[in-house]
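The following report treats selected helices, their packing and their side-chain contacts. The sequence and structure are shown first.

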Amino acid sequence: MALLLLLLAACGGAASGDAASAANGAADMPTEDAVATDAAAAGESADFSAVRENAKLILNADLTLETQNYDASCTAIERMTAEAGGYIQSSGSYGETGDRTASYTLRVPQEKFETFFSQLGETCHVTSSNRWSEDVTEQYTDIETRLATLRTKHERLLALLDKASEMTDIIELENALAECEYEIDSLTSEMRHYDDLVSFSTFNVTLREVQTLSAVSEGTGFGAQVAQAARQGASGLTAAVRGIILLAVTLWPLLALMALAGIVLWVVMRRRKTAAQAQQQSMTPPDDQNK
């Protein structure tokens, strides 16, 4: 009986200890409210730049610019691209002096995207701009997975080829190896292409040479609209006068011929009129002339 009582007391003490430990463990575990609070705090401190670093994003921008100093603006764009660590993928220029247009495809490091975008707006007059991103994280991850699988397959084929003794087996294994290597090279090239697009953002820039910069709306209010209409009217009048002058200069040979023809016609008409008056006087009787 004494031994039985001692065993029961020991079991009871162990059960109490386990219960106390469980209670302490439950007290140490964070509650749902605490977890939610921590998650909210983490969300508030989240930074989009960190998300962009982890994701595979291709950044692009299209800009249409105007300038009254074409050569200086072209030089500035090319200099800014070099200073940002980028390069000119393609460029072209067409048109005559006073009405030229340049087109650029610029590649700039992704970390310089925002800075370069702002610099373009400060250098030239922006008439339109658009920027967007393309998330290729899923495609990139899929390529990585397929590459890992193919490399494992390549290693196994090499191991089998070392052990193969039959000529037919060797030929089949070599064909399988060639096909596997081709797929690896293709996927590797595709991955490098994605790496290039992600590492360097693409800017498509159109630069136009103008005599008067286009008016850009500064608001949606009635006053802003009136001011914009006034600027557009003044610009339109200036453009019309300039166009008339340029047209006159362009057509000066024709205008000179027309002026010469007008002078000749006036002289002929004057002579005819004078001759007609003289003939009329000669046909008038002398008595009428005396009267």
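Leucine 247 is located in helix α8 (residues 222-250); helices here are DSSP runs of H or I with at least four residues, numbered from the N terminus. The model is predicted, with pLDDT of at least 70 required for local features and 80 or more for side-chain atom pairs, whereas totals for chains, interfaces and linings use all residues. Residues are numbered from 1 along each chain as its sequence is written, and side-chain values use heavy atoms, leaving out hydrogens and water.

Leu247 joins Leu251, Leu254, Leu255 and Met258 in a nonpolar surface patch of about 470 Å². Patch members have over 30% relative accessible area and no salt bridge, with nonpolar side chains joined within 5 Å; areas follow the Shrake-Rupley method with a 1.4 Å probe. The greatest contribution to this patch, 3 residues, is from helix α9 (residues 252-283).

Two helix pairs are tabulated below. Axes are lines fitted to C-alpha atoms over the stretch in contact, and angles run from 0 to 180 degrees between N-to-C directions.

| Helix pair | Angle | Axis separation |
|---|---|---|
| α6 (residues 137-163) and α7 (residues 167-199) | about 155° | 9 Å |
| α4 (residues 70-83) and α5 (residues 113-123) | roughly 160° | within 11 Å |

Given its angle, the α6 and α7 pair is therefore roughly antiparallel, a term applied to angles over 145 degrees. The crossing of α6 over α7 is left-handed, meaning that the near helix is turned anticlockwise from the far one by less than a right angle. Their contact comprises 17 nonpolar, 3 polar and 9 charged residues, with Asp, Glu, Lys and Arg counted as charged and Gly among the polar residues.

Helices α4 and α5 are likewise roughly antiparallel, but α4 passes α5 in a right-handed crossing.

Within α4, arginine 79 and glutamate 83 lie 4 residues apart, about one helical turn. These two residues form a salt bridge, with 3.7 Å between the closest N and O atoms; the criterion is a side-chain nitrogen of Lys or Arg within 4 Å of a carboxyl oxygen of Asp or Glu. The whole structure contains 6 salt bridges.

Definitions and conventions: Patches are made of residues with over 30% relative accessible area and no salt bridge: like charges are joined within 9 Å, nonpolar side chains (Val, Leu, Ile, Met, Phe, Trp, Tyr) within 5 Å. Helices (H or I, at least four residues) and strands (E, at least two) are DSSP runs, numbered from the N terminus. Angles under 35 degrees count as roughly parallel, over 145 as roughly antiparallel, 65 to 115 as roughly perpendicular and the rest as oblique.
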